[in-house]
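Open the model in your viewer and show it as a cartoon, with chains in separate colors. The stops below say what to select and what is found there.

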Amino acid sequence: METTYLILNAIVAGLLLGGLYAAMASGVSISFGMLDVTNIAHPAFIILGSYIAYIVNSNWGFDPIVTSFVVSPLFYLLGLLLYRVYYYAFERKGQQSLRSLAFFFGILFITEVVLILIFGVDYRLVSAAYTEKTIQIAQYAMTPDSTLHVDLPLRMVVPFVVSMVMIFALNWFLSHTFFGRAVLAVAQDQFALRLMGVDPVKIKERAFGLSLAIAGVAGALLIVVQPVQPSIGRDFIGLVFAVCVLGGMGSIKGAVVGAMILGLAESFTSTFAGPSWAPAVSFGLLLLAVAFKPSGLFGR
Amino acid sequence: MQKMSNKVFIPVVYGVALAFGLLSMLAPNDYFYSAAYTVLLFVILSSAWNILGGYTGYVNFGTAAFFAMGAYTTVAIFKFAPGTPLIVMIIAGMLVAGLTGLGMGALTLRLRGVFFSIATLALSVVMFTFVVNWDYVGGARGAYVIAPRVAPLGFGRYIYFLYAVMIFLSATAMIVARIIETSTIGRGLEAIRDDELAAECCGVPTLRLKLLSTTISGALMGMAGTTYPYFVSYVEPASTFNLSYAVNSIAMPLIGGMTTWVGPLIGAVLLGTVQQVVQVTISSAWNLLIVGVLLVLFVTLAPEGIMGLWYDFRKKQRAKKGAAQ
Amino acid sequence: MSEMRSELLVVKGVVKRFGGFTALDGVDLDLKVGERLGLIGPNGSGKSTLVNCICGTLFNDQGSVAFEGEEISRLAAHKRIRRGLARSFQLPKPFATMTVVENLCVPILYAANARPGVVRASPAQAVEQAMEILNKIGLGAKAREMSGGLTQVDMRKLELARAMASRPKLLISDEAMAGLSNSEVDEILELLFAMKEQGIAVIMIEHIMRAVMRFSERVAVLVAGKKIADGDPEEVMRNPEVERAYLGE
């Protein structure tokens with residue numbers, strides 16, 4: 001019975017974690033999967049989002065998640081700017097791979113070091129009404145004084161719900177609006193877009209902005225779930241790309257499934273092998289995915 | 001301009017290295033040796049990175065992992081048999097790191113280059129996790145590696161010996177890079193960098209050459225790490241896997257210039273020295289910021305690095321002379 | 001005359017699918033030593049896919065490709081050019097950071113040198129051989145220029161020169177003339193005719209019918225992944241099915 005509850009808890013925790021990962025990775029599904037821009041600095045912008053939520057929350061007590069949606073236009077603008085630089089320095093010249101990778105790596109590094117210079121290397125947290133509460137369900141009395149139950153900590157449940165709603169809206173937006181369909185077309189047929197009088201560069205620029213706006217929100221969700229420190233960003237690089245590759249690159253729905261798989265895998269590793277092994281899981285899955293099924297689980 | 005043949009180049013480099021080593025004996029204090037050791041470490045790491053990055057066009061973000069593999073090979077051997085000569089550790093570390101490079105390459109190099117790069121980024125995280133959980137080499141707490149009291153070959157203090165070894169290893173790394181660069185293999189790598197499909201269709205065995213270059217590059221990075229435990233005498237995962245190794249080994253060749261062995265050397269000496277100065281005068285966080293900013297600036301504004309700027313300058317000078325005559 | 005020449009390339013029942021789309025649907029094609037074949041067909045008919053399957057940049061799903069009597073359809077591309085099967089690319093793919101002459105050294109060092117029974121050229125000899133080819137092809141004066149900065153027509157010539165440098169027995173020229181002016185087309189055509197003197201078989205893929213008709217001893221027509229005609233150029237062009245499917249467009 002205890003093992004059953006251990007497994008049940010691991011499944012629930014894994015799915016909740018997967019919700020967070022989906023938010024963190026869906027931006028990469030847009031930039032890397034659809035636009036073919038390998039933005040390895042994406043996790044750095046997630047951490048930036050965490051810190052903005054942290055500053056506003058610790059100084060004025062505002063809700064971190066609401067804050068992140070309010071400031072997401074700033075991330076969007078940052079994305080426009082970054083894509084501009086990327087476009088003029090690399091994409092236009094056709095030197096996409098080597099130097100642009102180094103460029104984004106530099107951006108990742110600069111963001112991290114600046115955050116360290118300002119905030120130091122201490123872990124930071126936020127507080128909101130839901131961060132301390134845990135709901136317990138499926139209670140089962142083993143003996144009169146010990147009960148087994150499945151934990152639903154609200155600090156995980158709230159980000160999960162927000163993430164799922166956001167991704168649902170994003171998916172609807174991409175498949176039902178002209179802009180969304182143009183983004184999907186940008187990867188496949190730029191020529192057709194030009195014939196329709198759409199500038200692919202403009203489309204890519206805005207879509208990239210969108211991916212950073214999502215990163216900002218994901219950052220707030222992250223700091224609700226766990227304390228954040230500037231250099232944890234790079235630990236998530238393997239994770240977000242693993243989710244993106246597992247999910248079949250440019251598919252938002254695929255990314256959600258990939259994120260759930262990863263969440264479950266990490267949760268089970270933490271439960272049965274110890275939390276210190278968890279960071280290796282995403283890498284292992286990434287490597288397996290890349291080596292054996294690069295087109296993703298639902299490959300095109 | 002006639003290129004020097006490798007038969008001349010090898011003795012020249014070792015000769016210069018020896019002269020440099022002898023000159024260092026005039027150094028006023030021990031700080032010089034430790035600063036110079038660090039710069040030499042970066043000479044090796046950036047030369048090694050450039051074999052895959054500059055010559056072949058594949059970005060390795062996992063320098064720290066390969067470096068740490070060399071370092072932890074030394075730690076493991078030291079724990080097992082403390083009296084083992086350094087040369088054994090160097091060779092073992094090269095083997096471990098080289099084979100890891102080969103394995104990584106075999107798994108990811110059939111695909112587009114970005115997948116290899118992302119995989120190397122994640123490699124650092126997993127190797128870190130592995131070492132943190134490996135108690136034999138000290139786990140997260142770290143381990144002491146005490147250098148023998150008497151250095152071999154009559155060097156007196158061990159730091160002098162380590163420094164001499166590092167000079168020799170740097171010279172070797174540059175020679176390896178130069179030999180690859182001037183050989184048929186180098187021509188093949190260059191073809192892969194320019195256009196992999198065309199290279200394959202010109203008879204270049206692209207997969208095999210890419211694997212060769214990840215292996216050599218990884219082995220040299222591991223080599224750089226093998227002496228590190230004796231240098232710091234206390235090894236722990238967080239500093240050994242420091243991301244600054246990856247950033248520096250990418251920034252240095254990019255800033256120096258990636259097409260020849262000279263670029264990484266210039267980049268490493270320049271950036272390495274600046275960092276040593278900034279670290280002492282300001283702080284280590286600031287020096288990392290400088291590296292990051294320089295990397296981004298060079299890659300966007302002067303993508304061919306200092307060597308590229310120099311060639312452009314020479315070309316303009318020549319054009320001016322031509323116009324004047 | 002042609003009956004006496006032996007088979008160089010035999011393609012049998014080659015099928016290539018991309019997901020649900022069948023790009024090649026059981027294509028047969030054969031070529032004799034030194035023969036000049038024109039391969040035509042509308043856009044998207046599978047010509048380039050066929051070239052890719054023959055040269056090894058794609059692997060066919062079914063069927064066989066034999067070169068000089070040996071099955072090669074599982075060999076990597078670099079092993080096929082080493083046997084003498086060279087191609088040029090539709091969109092030129094120069095090694096842009098190398099000079100023109102260095103571009104040619106790559107196939108000399110990696111393809112021609114790797115062929116059994118060939119005297120291996122040293123790097124210096126490779127440069128000499130490359131210069132010889134460049135002079136013949138009219139790029140001698142630009143040998144030391146960076147290949148990334150060449151004009152379109154020179155880029156096409158470089159593609160052919162690089163293919164020739166591997167000392168091929170068969171050269172596949174994939175739309176080497178698209179977008180060139182009339183006189184430039186003639187220049188390229190001269191180069192391809194010169195291959196015959198060296199006994200090199202040529203498959204020419206082209207949309208410019210004037211060039212195809214002048215060049216080919218035989219013409220094969222590919223439509224929607226199937227070969228619908230193969231034979232004497234004049235007869236093939238009179239074939240009503242060809243007219244309907246290809247010229248009727």
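A salt bridge here is a side-chain nitrogen of Lys or Arg within 4 Å of a carboxyl oxygen of Asp or Glu. With that cut-off in mind, select R99(A) and E304(B): they form a salt bridge, with 3.8 Å between the closest N and O atoms. Keep in mind throughout that the model is predicted.

**Stop 1: chain A against chain B**

The count between chain A and chain B is one salt bridge. The rule also finds one residue pair in polar contact across this interface, both residues being at pLDDT 80 or more. On the side of chain A that touches chain B, at least two residues each come from α3, α4 (98–119), α9 (235–246) and α11 (278–292) of chain A. Select α4(A) next, since the largest share of that side, 14 residues, comes from this helix. Coloring the side of chain A that touches chain B by class gives 29 nonpolar, four polar and five charged residues.

Now widen the selection to both partners. The contact takes 38 residues from chain A and 42 residues from chain B. About 3700 Å² is buried between these chains, and carbon and sulfur atoms give 84% of that area. Show L98(A), F105(A) and F109(A) as sticks: in chain A they lose the most area to chain B, together 18% of what that side buries.

Two pairs of chains touch, and the pair with the most contacts is A and B. Chains A and C are not joined by any contact; their closest C-alpha atoms lie 8 Å apart.

**Stop 2: along α3 of chain A**

Select residues 64–91 of chain A, which are helix α3. Start at the N-terminal end, where D63(A) caps the helix: a side-chain oxygen of D63(A) lies 2.9 Å from the backbone nitrogen of I65(A). Then move along to V71(A), where α3(A) bends by about 45 degrees. A proline, P73(A), follows within four residues of the bend. What is the distance between the end C-alpha atoms of this helix of 28 residues? They are only 35 Å apart, short of the 40 Å that a straight helix would reach at 1.5 Å a residue.

**Stop 3: chain C against chain B**

Select chain C and chain B. Here 21 residues of chain C are in contact with 20 residues of chain B. The buried area is about 1800 Å², with 65% from carbon and sulfur atoms. Show H78(C), F95(C) and Y110(C), which lose the most area to chain B in chain C, together 33% of what that side buries.

How many salt bridges are there between chain C and chain B? The count is two. To look at one of them, select E102(C) and R187(B), whose closest N and O atoms are 3.4 Å apart. The count of residue pairs in polar contact between these chains, both at pLDDT 80 or more, is eight. Helices α2 (77–83) and α3 (100–112) of chain C each supply at least two residues of the side that touches chain B. α3(C) gives the most, with six residues. By class, this side of chain C has 13 nonpolar, three polar and five charged residues.

**Stop 4: a loop in chain B**

Finish at A27(B), in the loop between α1 (6–23) and α2 (30–53) of chain B. Leaving out residues up to four places away in sequence, A27(B) touches F32(B) and Y33(B). A distance label from the C-alpha atom of A27(B) to that of A151(B), 124 residues apart along the chain, should read 19 Å.

Conventions:
Residues are numbered from 1 along each chain as its sequence is written. Chains are lettered from A and ligands numbered from 1 in the order in which they are written. This is a predicted model: local features need pLDDT of at least 70, side-chain atom pairs count only at pLDDT 80 or more; totals for chains, interfaces and linings use all residues. Side-chain values use heavy atoms; hydrogens and water are left out. The expected span of a helix is 1.5 Å times one less than its number of residues. The bend at a residue is the angle between axes fitted to the seven residues ending there and the seven starting there. A polar contact is a pair of N or O atoms within 3.5 Å; within protein, one must be able to donate a hydrogen and the other to accept it, and residues adjacent in sequence count only if both atoms are side-chain atoms. Contact means heavy atoms within 4.5 Å. Buried area is the accessible area (1.4 Å probe) that two parts lose on being put together, summed over both. Ala, Val, Leu, Ile, Met, Phe, Trp, Tyr, Cys and Pro count as nonpolar, Asp, Glu, Lys and Arg as charged, and the others, Gly among them, as polar.
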